[in-house]
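New to this one? Have a look at the model below, and then we'll walk through a few of its details together.

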Amino acid sequence: MRRLTLTFAAAVLAALPAMAKPPEPGIRWQHSWEDAVKEAKERNVPIHVTFHKDNCPKCTGMDASVYNQKDFIAASKRWVNVYCNRDTGHGTEKVDGKDMCKLVPGIACADHVACDSGASAGGYFKGTFGTPATVWCDVTGKQIGQNQGGMSAKQLIEKMAEAEKAVGVGLGEDEYLFLTGKLSAGEKSVTDGKIHDAVDGYTAAIKAMAKNPAAKPWVEKAQAALDKLVEGAKSRIEDAVKAKDAGDFAKAKEILKSVQTDFKGQPVAKDADKAMADVLAADKAANPRK
Ligand SMILES: [Zn+2]
């Protein structure tokens, strides 16, 4: 188990430069209710929703005693997290040149306003409630349970554990970011013509997540993307064989060399090795003095 964890940690570290942005050190709050439901479905995890407003001492209490707690932040990676607040009077601060919410780390004020209107409009929750209020939901955003008033980190983790049980096995946030990062980096590498980078990225994603049942759809996506590249390699090998048959040995060698480089370590590279041996033999037979 320990070894698996270390392997995964190494894989995540290796993936970081390729990811759009390293994960936030705190809770990763969603940018909209629609984003939250989309991600919850993709990961099969419950949604944790909290409703706050400004000038609400119990809300401020939860900001200071729940959402910044190490244990709570670690647990929050097993869910999707939504912070709803329609107030913006608390102001903004510049982070990396962007106007970010001064109250809720990692999002803009427009995000918690959007979450509030999205979550409130959908008819997902039962009854009306004041602030703070916490709702735990299934992957579609439908309420499983709710609490009005302040909660401790421990109480909230317990309630979310009930929601997790109802939803079933889900994909953790770090694993989700790792996989989506690898897949989008792979697509970009293909667009940029860096096939070797794409092959390496997809292979790393498949290897790191092969034993995680919640990652299956993502592993299948990476495998499908890799298979497509391998198909391309096979057709390049066929082109090389055609070039060899036409007597263009230089072209055949060039194509096969590129397949060997791009697919190093993959079974299809062995096919390229074999084709290369044939080209060298044919070249030698056609040009004995070379
Ligand atoms: Zn704000």
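## An exposed asparagine

Let's start with Asn55, which counts as exposed because just 10 C-beta neighbours sit inside 10 Å, and the cut-off for exposed is 12 or fewer. Keep in mind as you look around that this is a predicted model. You'll find Asn55 in the loop between strand 1 (47-51) and helix 3 (57-65). Asn55 has a positive phi of about 55 degrees although it is not a glycine. That's worth a second look, because most residues other than glycine have a negative phi, and most peptide bonds are trans.

## Another positive phi, and a cis bond

Asp96 isn't a glycine either, and its phi is positive too, at about 50 degrees. Look for Asp96 in the loop between strand 3 (92-95) and strand 4 (98-101). Asp96 is exposed, as 6 other C-beta atoms lie within 10 Å.

Now for the peptide bonds. The one running from Thr131 to Pro132 is cis, and its omega is near -10 degrees. Pro132 belongs to the loop that links helix 5 (109-121) with strand 5 (133-137).

Helix 5 is also home to Ala121. Is Ala121 buried or exposed? With 9 C-beta neighbours inside 10 Å, Ala121 is exposed. Go 40 residues along the chain from Ala121 to Ala161, and the two C-alpha atoms turn out to be separated by 26 Å.

## A buried tryptophan

Trp29 sits in the loop between helix 1 (2-15) and helix 2 (33-43). Being in a loop can go along with being buried here: Trp29 has 23 C-beta neighbours inside 10 Å, so it counts as buried.

Which residues does Trp29 touch, leaving out those up to four places away in sequence? They are Asn81, Val82, Tyr83, Val104, Gly106 and Ile107. Take Gly106: along the chain, Trp29 and Gly106 are 77 residues apart, yet their C-alpha atoms are separated by 7.0 Å.

## Two domains

Zooming out, the domain assignment splits the protein into domain 1 (31-167) and domain 2 (173-286). Between the C-alpha centres of domain 1 and domain 2 there are 43 Å.

## How the helices pack

Two packed helices are described by the angle between their axes and the distance between the axes. Try that on helix 8 (residues 195-209) and helix 9 (residues 216-245): the angle is about 150 degrees, and the axes are 9 Å apart. Helix 8 and helix 9 are therefore roughly antiparallel, and helix 8 passes helix 9 in a left-handed crossing. On the helix 8 side, the contact includes Ile195, Ala198, Val199 and Tyr202, while helix 9 offers residues including Trp218, Val219 and Ala222. By class, this contact has 13 nonpolar residues, two polar ones and no charged ones.

Helix 9 has another partner in helix 7 (residues 173-191): their axes come within 10 Å and cross at roughly 15 degrees. That makes helix 7 and helix 9 roughly parallel. Their crossing is left-handed. From helix 7 come Leu179, Lys182, Leu183 and Gly186, and from helix 9 come Trp218, Lys221, Ala222 and Ala225. What's the mix in the contact of helix 7 with helix 9? Five of the residues are nonpolar, one is polar and two are charged.

Definitions and conventions
Residues numbered from 1 in each chain as written. Predicted model: local features only at pLDDT ≥ 70, side-chain atom pairs only at ≥ 80, totals over all residues. Axes fitted to C-alpha atoms, helices over the stretch in contact; angles between N-to-C directions. Helix = DSSP H or I, 4+ residues; strand = E, 2+ residues; numbered from the N terminus. Parallel < 35°, antiparallel > 145°, perpendicular 65-115°, else oblique. Left-handed = near helix turned anticlockwise from the far one by under 90°. Contact = placed C-beta atoms within 7 Å. Nonpolar A, V, L, I, M, F, W, Y, C, P; charged D, E, K, R; others polar. Domains from an automatic or database assignment. Buried ≥ 20, exposed ≤ 12 C-beta atoms within 10 Å, placed from the backbone.
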